[in-house]
Amino acid sequence: MRKLFVMLLWVSLATIGPVAAKTPDDIRAATEAVDTAAIAAENADNWLGHGNDYREQRYSQLDQINDDTIENLGLAWSFDTEFNRGLEATPIVVDGVMFVTGNWSVVYALDAKTGKRLWKYDPEVPREWAKMACCDVVNRGVAVYQGKVIFGTLDARLIALDAATGEKHWEVQAADIKQYPYTITGAPRVFKDKVIIGNGGAEYGVRGFVSAFDVNTGEELWRFYTVPGNPADGFENEALERAADTWTGEWWKMGGGGTVWDSIVYDPELDQLYIGVGNGSPWNHKIRSPEGGDNLYLSSIVALNPDTGEYLWHYQQTPGESWDFTATQHIMLADMEWQGEARKVLWQAPKNGFFFIVDRSNGKLLSAEPYARVNWATHYDMETGRPVETDRARYQDKPEFIRPSSMGAHNWHPMAYSPKTGLVYIPAIDALFKYGDAKNYLHQWGHWNLGIPLEQDAAPNHILAQLMLRQVTTGSLLAWDPVTQSAAWSVPYQRPWNGGVLATAGNLVFQGTAKGEFRAYRADTGEQLWSFDARTAIIAAPVSYTVEGEQYVTVLAGQGGAFGLVAGYEQEGGIPPSRVLTFKLGAEGTLPANPEKILFEAPLPEAVTEEEVKKGRTLYHEYCSGCHGVDAVSNGAIPDLRHLPPVFYENFDAIVLDGMMRKAGMVGFSDVLDKEDSRLIKAYVLTQAQEDRKIRETPSWWMSIKMVFFKTVANILGWIMDKV
Ligand code: CA
């Protein structure tokens with residue numbers, strides 16, 4: 001009798017109750033069906049490709065969640081990862097199963113309805129390799145194709161897993177990390193039984209390339225280098241032989257750069273592959289190519305034959321690139337009427353601040369207009385397709401403040417396009433950066449080799465530094481009309497490093513912010529309709545899908561990435577785990593409060609001169625600030641060197657020089673620093689700690705008065721910088 005009851009209960013649960021979790025057979029059946037045709041098709045219920053379908057417009061046709069119903073949107077579930085660094089991945093969703101990547105290239109398969117973990121795969125990235133990653137231990141997602149989940153790792157491997165179980169099918173070393181400090185943070189793209197991946201490392205000195213692998217075996221099918229190697233070794237193809245004419249000096253000794261670290265787009269209509277090529281290595285053109293030259297194919301969009309990797313055409317946006325102006329940003333495919341003619345185009349809003357419309361059948365520039373404040377060029381000459389540079393652009397005789405900054409007017413954070421409004425939504429940045437020539441440039445293996453000092457002018461104290469940062473570095477969500485090449489509306493943000501964007505048929509645009517809000521706006525007007533406290537910064541882009549006919553929206557929350565590490569925005573609380581957040585109508589979930597922030601008091605600095613602290617500052621900004629933050633203010637997820645437990649200061653040399661903490665990702669720097677350098681860095685850090693302590697110990701009434709003064713100073717400085 002009891003048995004029968006249990007059986008009846010089981011039957012009723014299975015038929016009318018909550019649906020049982022996805023079995024490996026369910027997942028296998030669903031993911032086996034994902035192929036080139038499936039990704040190319042408009043499939044509202046799933047999110048099959050990185051930018052949804054191959055056009056990468058990041059538009060969802062779902063409209064249950066819309067400008068009317070949005071007020072009922074709430075948290076359906078959240079999934080905590082075991083790390084608290086930046087999350088940049090776009091989830092791939094196939095029939096109720098979600099595949100995401102977290103920190104250290106870990107992959108998770110989740111039930112898209114409940115957030116239950118189905119499997120996890122940890123590629124065990126050696127933590128020491130974090131030093132070779134310019135921009136955090138991030139990963140922008142997986143590709144799914146015929147039952148496989150494919151992803152890149154920080155130490156430049158490409159791995160294919162069984163989508164149903166998470167077991168490994170194959171693994172290849174996609175770039176030679178014994179010779180060069182390559183990393184992979186980008187999402188692979190898949191089509192016609194091939195998987196394409198590029199790599200990063202142009203801040204360190206590598207030679208960029210993309211390669212195609214057989215999706216079933218991992219065999220490398222072709223490779224396309226974006227910059228020429230040593231002419232004495234011969235060139236891989238004619239396109240590189242032609243490119244070599246645009247270089248001077250001995251660039252190959254410094255790598256040359258041109259990494260394809262993010263945008264790779266397959267165009268099924270024209271059967272072409274477009275890659276966005278990165279900055280030069282080192283950044284400074286005068287060092288890289290002393291007698292000038294355009295340096296092809298840096299900062300270019302290059303079209304390749306997807307089957308062979310052969311060069312088809314290119315358009316170079318920034319000839320003689322010298323500012324970290326990559327063309328790796330999101331490339332979107334579209335059809336549009338241009339001057340009365342139907343054209344197949346691509347759209348890109350790269351770092352250099354101009355919105356490009358390129359005819360993708362032949363690479364011809366149709367239009368380039370500034371979508372942000374720009375002072376390195378006045379406009380593009382439409383006859384030649386080249387920018388007309390200003391006098392300050394090449395910081396010829398003295399350092400110059402250039403807009404946009406090396407962060408770009410738009411970075412990797414994906415844009416979105418709504419065919420309903422005709423607008424492209426850009427996570428835009430307004431910032432400047434002081435570029436100048438590094439003295440006595442020396443190429444150092446495994447370190448940043450920019451040819452430009454990263455150290456910016458020192459503010460009298462870190463409160464003023466933070467206020468100044470807020471004055472000169474801001475962000476916005478910019479709705480851009482590509483037909484008129486002008487802004488339709490924009491929403492300003494105090495901080496620059498905001499999330500990627502999703503547009504939906506519900507007249508909505510979703511975006512997370514640097515301050516940790518997940519927001520929805522009306523797509524046509526920019527009116528804010530909804531927000532949710534994510535308790536940590538959001539940099540990733542949202543996606544939308546359905547399970548059993550119900551619409552969901554998912555976004556990853558986790559602060560970090562390049563600016564998220566380097567820019568010292570002091571966090572009020574401790575950092576929560578980085579999470580996957582999923583929303584639906586009628587849900588009312590909440591997130592737990594953040595952990596408390598623990599501040600250890602640093603010892604007082606030993607007797608040092610002002611000159612020594614200054615030297616320590618320069619060394620700190622050359623070797624430490626990329627992770628521990630400008631002015632020794634960290635983002636909280638990476639140890640703040642002003643507030644370490646005492647034992648760290650006691651073992652400072654052993655950590656900084658000998659790599660005592662290498663298993664945690666902090667390698668030794670004895671190849672470039674000696675004991676004296678370590679002493680100076682420590683002196684600078686402890687001086688910063690002392691200054692921070694003084695501010696915290698200042699009575700609040702006196703601090704309020706001081707803050708009025710600081711804000712006034714920051715406003716005046718901001719006003720002056722605004723004119724640049
Ligand atoms: Ca770069």
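Start by selecting Arg-207 and Tyr-225: in this predicted model, Arg-207 lies over the face of the Tyr-225 ring, 3.8 Å from the ring centre. Now add Arg-223 and Phe-209, where the charged end of the arginine sits over the phenylalanine ring, 3.9 Å from its centre.

Next stop, the calcium ion. Which residues hold out donor atoms to it? Pick Glu-203, Asn-279 and Asp-324: their donors lie 2.4 to 2.8 Å from the ion, with Glu-203 listed twice through OE, Asn-279 giving OD1 and Asp-324 giving OD. Along the chain, these donors follow the spacing E-x75-N-x44-D. Glu-203 lies in the loop between β12 (194-197) and β13 (209-214), and Asp-324 in the loop between β20 (311-316) and β21 (331-338), so this pair ties together parts 121 residues apart in sequence. Try a surface view here: Glu-203 is buried, at 9% relative accessible area, and Asp-324 is buried too, at 6%.

Now for the aromatics. The count comes to 40 aromatic pairs. Select Tyr-274 and Trp-313: their ring centres are 5.8 Å apart and the planes meet at 40 degrees, so the pair is tilted. Tyr-274 belongs to strand β17 (residues 272-276) and Trp-313 to strand β20, 39 residues apart. Both of these residues are buried.

Then jump to Phe-518 and Phe-583, another tilted pair, with centres 5.2 Å apart and planes at 35 degrees. Phe-518 is in strand β35 (residues 517-522) and Phe-583 in strand β39 (residues 579-585), so they tie together parts 65 residues apart in sequence. Both are buried.

Last, select Tyr-315, Trp-323, Phe-325, Phe-354, Phe-356, Trp-376 and Tyr-380, which ring pairs link into a cluster.

Definitions and conventions
Residues are numbered from 1 along each chain as its sequence is written. This is a predicted model: local features need pLDDT of at least 70, side-chain atom pairs count only at pLDDT 80 or more; totals for chains, interfaces and linings use all residues. Side-chain values use heavy atoms; hydrogens and water are left out. Donors are N, O and S atoms within 2.8 Å of the metal (3.2 Å for Na, K and Ca); water is not among the atoms, so sites may look incomplete. Helices (H or I, at least four residues) and strands (E, at least two) are DSSP runs, numbered from the N terminus. Buried means under 20% relative accessible area, exposed over 50%, partly exposed in between (1.4 Å probe, protein chains only). Rings of Phe, Tyr and Trp (its six-membered ring) pair if their centres lie within 6.5 Å; planes under 30 degrees apart count as stacked, over 60 as edge-to-face and the rest as tilted. A charge sits over a ring if NZ of Lys or CZ of Arg is within 6 Å of the ring centre and within 35 degrees of the ring normal.
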